[in-house]
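Work through these exercises with the model open beside you. Try each task before reading its solution.

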Amino acid sequence: MLTHPILDQLNQLGRSGMAQAFSELEASGEAATLGHVDWLGLLLDREVTHRRDKRPATRLRYARLRQNAVVEDVDYRARAASTAPCSRSSPMVRGSMRTII
């Protein structure tokens, strides 16, 4: 089977996940043991996974964030002002619920 024209066509169509899976299957030697349906299933699964994993990276690239930060840098502890109890007249403090229409 001609590998290069198939890879070129997949890349031209924007199916880089399928092209990568195709080249890996050819190199691993498992190509002879798989049927056509199995090949197609593996190629499609790789393309879907590739596109799903590419979305967050693309969004981060175009986000234009002002600071370099990671989730570990976020301080989730509440500030002292926001931990003050609600007023006594609040319905949630007394345990009753009012419906506001």
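Buried means under 20% relative accessible area, exposed over 50%, and partly exposed in between, with a 1.4 Å probe and protein chains only. This is a predicted model: local features need pLDDT of at least 70, side-chain atom pairs count only at pLDDT 80 or more, and totals for chains, interfaces and linings use all residues. Residues are numbered from 1 along each chain as its sequence is written, and side-chain values use heavy atoms, with hydrogens and water left out.

**Exercise 1. Classify E47 and find its partners.**

Step 1: place the residue. E47 lies in helix α3. Helices here are DSSP runs of H or I with at least four residues, strands are runs of E with at least two, and both are numbered from the N terminus.

Step 2: apply the cut-off. E47 has 6% relative accessibility, so it counts as buried.

Step 3: list the contacts, meaning heavy atoms within 4.5 Å. Beyond residues up to four places away in sequence, E47 touches G14, R15, S16, G17 and M18.

Step 4: look for a polar contact. That is a pair of N or O atoms within 3.5 Å; within protein, one must be able to donate a hydrogen and the other to accept it, and residues adjacent in sequence count only if both atoms are side-chain atoms. The E47 side chain reaches the backbone nitrogen of M18 at 2.9 Å.

**Exercise 2. Check the length of α3, then describe its course.**

Step 1: set the expectation. The expected span of a helix is 1.5 Å times one less than its number of residues. Helix α3 covers residues 36-63, 28 residues, and should therefore span 40 Å.

Step 2: compare. The end C-alpha atoms of α3 are 41 Å apart, which agrees.

Step 3: look for a bend, the angle between axes fitted to the seven residues ending at a position and the seven starting there. A kink of about 25° lies at R55, shortly before the proline P56.

Step 4: find the buried side. W39, L43 and E47 are the buried residues of α3. An α-helix has 3.6 residues a turn, so residues three or four places apart point the same way.

Step 5: find what they meet. The buried residues of α3 pack against α2 (16-28).

Step 6: inspect the end. R64 follows α3 and has a positive phi, near 55°.

**Exercise 3. Repeat the analysis for α2.**

Step 1: check the span. α2 has 13 residues and reaches 18 Å from its first C-alpha to its last, close to the 18 Å expected.

Step 2: list its buried residues. They are G17, M18, A19, A21, F22 and L25.

Step 3: inspect the end. G29 follows α2, with a positive phi near 90°.

**Exercise 4. Which residues make up the largest nonpolar core?**

Step 1: define it. A nonpolar core is a set of buried Ala, Val, Leu, Ile, Met, Phe, Trp, Tyr and Cys residues joined through side-chain atoms within 4.5 Å.

Step 2: name the members. The largest core has 9 residues: L7, L10, M18, A19, A21, F22, L25, W39 and L43.

Step 3: assign them. α1 (3-12), α2 and α3 are the elements that give two or more residues to this core. The most come from α2, with 5 residues.

Step 4: follow one member. L7 lies in helix α1. Its relative accessibility is 16%, so L7 counts as buried. Leaving aside neighbours within four places in sequence, L7 contacts A19, F22 and S23. L7 and S23 are 16 residues apart in sequence, yet 7.6 Å apart in space, C-alpha to C-alpha.

**Exercise 5. Is R15 buried or partly exposed?**

Step 1: place R15. It sits in the loop between α1 and α2.

Step 2: classify. R15 has a relative accessible area of 32%, so it is partly exposed.

Step 3: list contacts. Not counting residues up to four places away in sequence, R15 touches L10, E47 and R51.

Step 4: check polar atoms. A polar side-chain atom of R15 lies 3.5 Å from the backbone oxygen of L13.

**Exercise 6. Judge confidence across the chain.**

Step 1: take the average. pLDDT is the predictor's confidence in each residue, from 0 to 100. The chain averages 75, and 73% of the residues score at least 70.

Step 2: find the extremes. Confidence is highest in α3, at 87, and lowest in helix α4 (residues 91-94), at a mean of 46.

Step 3: mark the weak stretch. Over residues 90-101 the pLDDT is below 50, and this stretch has 8 contacts in the model beyond near neighbours in sequence.
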